[in-house]
Amino acid sequence: MTYTVQGRHLVLGVCGGIAAYKSVELLRLLMKENASVRVVMTANAAHFVGPMTFEALSRKTVCRTLFETSDEAAVQHIHWAQEAEAVVIAPATANMIGKLAGGIADDALSTFMLAVACPVLVCPAMNTHMYESKAVQRNLQRLKEYGYAVLEPGAGELACGTTGPGRLPEPAIIFDALLDLLAPKDFSGRRVLITAGPTREAIDPVRFITNPSSGKMGYAIARAALMRGAQVTLVSGPSALTPPLNARVLQVTSASEMAAAVLAEMDRHDIVIKTAAVADFRPASVSDLKIKKEQAGLSIQLERTQDILKAVGERKQNQILVGFAAETHDMDAFATEKLKAKNLDMIVGNIVGGADAGFNADTNRAIVYFKNGTREQVDLMAKTDLAHLLLDRIAVMIPA
Ligand code: PMT
């Protein structure tokens, strides 16, 4: 199964709107991931962004009219439609949405769309009053009935001066929605609880104990699970990352807040994945006032935090429980000991300490240990890819 756009045949439809400049950035993101993208643009779109820009980025002829003279683009709508694995229309204007809803084919893009049988993502962008009009809402409803995915526009101040919904979402969000469209939905109907990031244990009002977890690994798993159709609850410690769209996010700070959130939520979930780097110790007492530096020779008494994973393991019924083990050495011994002691179905042994794996890196390497005593060595890969690999391993444990 593939969860990237790499090598996938995509078509980007661009309509005439001020947001057309964002479709250039979307195309750039798709090309960076080695997708094969053809662009079909309306005549009005060319008023906002020239076809040369799309041609240079996609390295393919852009189709603008039904009567292109270049061999590659001439009356190619049937061939391109058959080849496409997904189509994204961004921005989609009220006019194009109306044509798609009504089956009108009077230009290259609308004609091409009638021949398309693959998944389609429509990204409306227009003035708020136009977007909220009965006609546009009825047409969007009809597109959903046809099976098109419609990405809700963002809200805010628009180029026309009105404030409200109608803004084209950022290219990274459209990219994610496109990945969602392409991914198999093998976690559909499953509720997944994921913890991510570090915890902070206060010393006084301005100081705390923490660790370098960025949240990247846990957020990647959350995003991958959403993409594959799961309902996701993400319990996150402090992280600078943007939470995935459509995840239910519970922000926590300390280990005790994370414990309360996880233990309150676990019974509602089928799968629990504990990626968070939870502090094992916290100051035994927290000073209400800032500790002054003149106080020489300060020592802090520490006490254990609750082992959340152990508590979940003791209470679990039919849930699949996955832990992580961040270790610098003796991985086999430490990870398998945690697997047994915490009643886990799988533990991801994460070799930390290097620049390319573990804390804050974009890549990771791991050894995965299973309840049946087997292990799997996973070489260095992007955390986004490791997330899918781990979900592949979990998917086969899900009872039918
Ligand atoms: O966030 P990133 O920058 O992407 O980094 C990812 C990561 C390195 C944090 C992640 O891949 C990882 O290894 N997470 C586990 C970190 C950890 O706390 O390991 P541990 O061996 O100390 O804990 C074992 C397990 O018990 C973990 O699942 C942890 O969530 C859990 N735990 C630990 C302590 C505690 N008090 N309660 C817990 O539930």
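A residue counts as buried under 20% relative accessible area, as exposed over 50%, and as partly exposed in between. With that in hand, welcome to a set of close-up views of a predicted model.

**Overview: the whole chain and its two assigned domains.** Before zooming in, here is the setting. The protein has 400 residues, and 50% of them count as buried. Its secondary structure comprises 13 helices and 19 strands. Along the principal axes, the C-alpha atoms fill a box of roughly 80 × 50 × 35 Å. The domain assignment places residues 9–182 in domain 1 and residues 191–395 in domain 2, and the centres of the two, taken over C-alpha atoms, are 39 Å apart. Of the contacts between residues at least 6 apart in sequence, 65% connect residues at least 24 apart. The accessible surface amounts to about 18,700 Å², with 53% of it belonging to carbon and sulfur atoms.

**Close-up of helix H1: a salt bridge between Glu25 and Arg28.** This is one of the 25 salt bridges in the structure. The two side chains meet at 2.9 Å, N to O. Both partners belong to helix H1 (residues 20–32), and because they are 3 residues apart, about one helical turn separates them. As a reminder, an α-helix has 3.6 residues a turn, so residues three or four places apart point the same way. Arg28 is partly exposed at 37% relative accessible area, and Glu25 is also partly exposed, at 30%.

**Close-up of helix H3 and strand E2: Glu83 pairs with Arg38.** Here a salt bridge spans 3.1 Å, N to O. Glu83 sits in helix H3 (residues 77–83) and Arg38 in strand E2 (residues 36–41), so the bridge ties together parts 45 residues apart in sequence. Is each partner buried or partly exposed? Glu83 is partly exposed, with 25% relative accessibility, whereas Arg38 is buried, with a relative accessible area of 10%.

**Close-up of helices H8 and H9: Asp176 pairs with Arg223.** The side chains of Asp176 and Arg223 form a salt bridge of 3.0 Å, N to O. Distant parts of the chain are linked by this pair, with Asp176 in helix H8 (residues 171–182) and Arg223, 47 residues apart from it, in helix H9 (residues 216–227). Asp176 is partly exposed at 24% relative accessible area, and Arg223 is partly exposed at 28%. Elsewhere, Lys99, Asp106 and Asp107 are joined into one network by salt bridges that share partners.

**Close-up of helix H6: Thr128 and its contacts.** Thr128 is part of helix H6, which covers residues 128–132. With a relative accessible area of 4%, this threonine is buried, since anything under 20% falls in that class. Leaving aside residues up to four places away in sequence, Thr128 touches Leu158, Thr162, Thr163, Gly164 and Pro165.

**Close-up of helices H10 and H11: buried residues and what covers them.** Start with helix H10 (residues 255–265), where Ala255, Met258, Ala259, Ala261, Val262 and Glu265 are buried. Their cover includes strands E8 (191–196), E9 (201–204), E11 (231–236), E12 (248–251) and E13 (271–274), along with helix H11 (308–315). Now turn to H11, where the buried residues are Ile308, Leu309, Ala311, Val312 and Gly313. These pack against H10, E13 and strand E16 (320–327). At the start of H11, look for Asp307: one of its side-chain oxygens comes to within 3.3 Å of the backbone nitrogen of Leu309.

**Close-up of the loop between E14 and E15: Lys290 meets Asp204.** Lys290 is found in this loop and is partly exposed, at 44% relative accessibility. Which residues does Lys290 touch, not counting those up to four places away in sequence? They are Asp204, Pro205, Val206 and Arg207. Although Lys290 and Asp204 are 86 residues apart along the chain, their C-alpha atoms are separated by 5.6 Å.

**Close-up of the surface: a nonpolar patch with Leu298 among its members.** Phe281, Leu298, Ile300 and Leu302 make up this patch, and together they have about 350 Å² of accessible area. Leu298 lies in the loop between strand E14 (281–283) and strand E15 (302–304). With a relative accessible area of 44%, Leu298 is partly exposed.

Notes:
Residues are numbered from 1 along each chain as its sequence is written. This is a predicted model: local features need pLDDT of at least 70, side-chain atom pairs count only at pLDDT 80 or more; totals for chains, interfaces and linings use all residues. Side-chain values use heavy atoms; hydrogens and water are left out. Patches are made of residues with over 30% relative accessible area and no salt bridge: like charges are joined within 9 Å, nonpolar side chains (Val, Leu, Ile, Met, Phe, Trp, Tyr) within 5 Å. Accessible areas come from the Shrake-Rupley method with a 1.4 Å probe; for residues, only the protein chains shown count as cover. A salt bridge is a side-chain nitrogen of Lys or Arg within 4 Å of a carboxyl oxygen of Asp or Glu. Helices (H or I, at least four residues) and strands (E, at least two) are DSSP runs, numbered from the N terminus. Buried means under 20% relative accessible area, exposed over 50%, partly exposed in between (1.4 Å probe, protein chains only). Contact means heavy atoms within 4.5 Å. Domain bounds come from an automatic or database domain assignment. A polar contact is a pair of N or O atoms within 3.5 Å; within protein, one must be able to donate a hydrogen and the other to accept it, and residues adjacent in sequence count only if both atoms are side-chain atoms.
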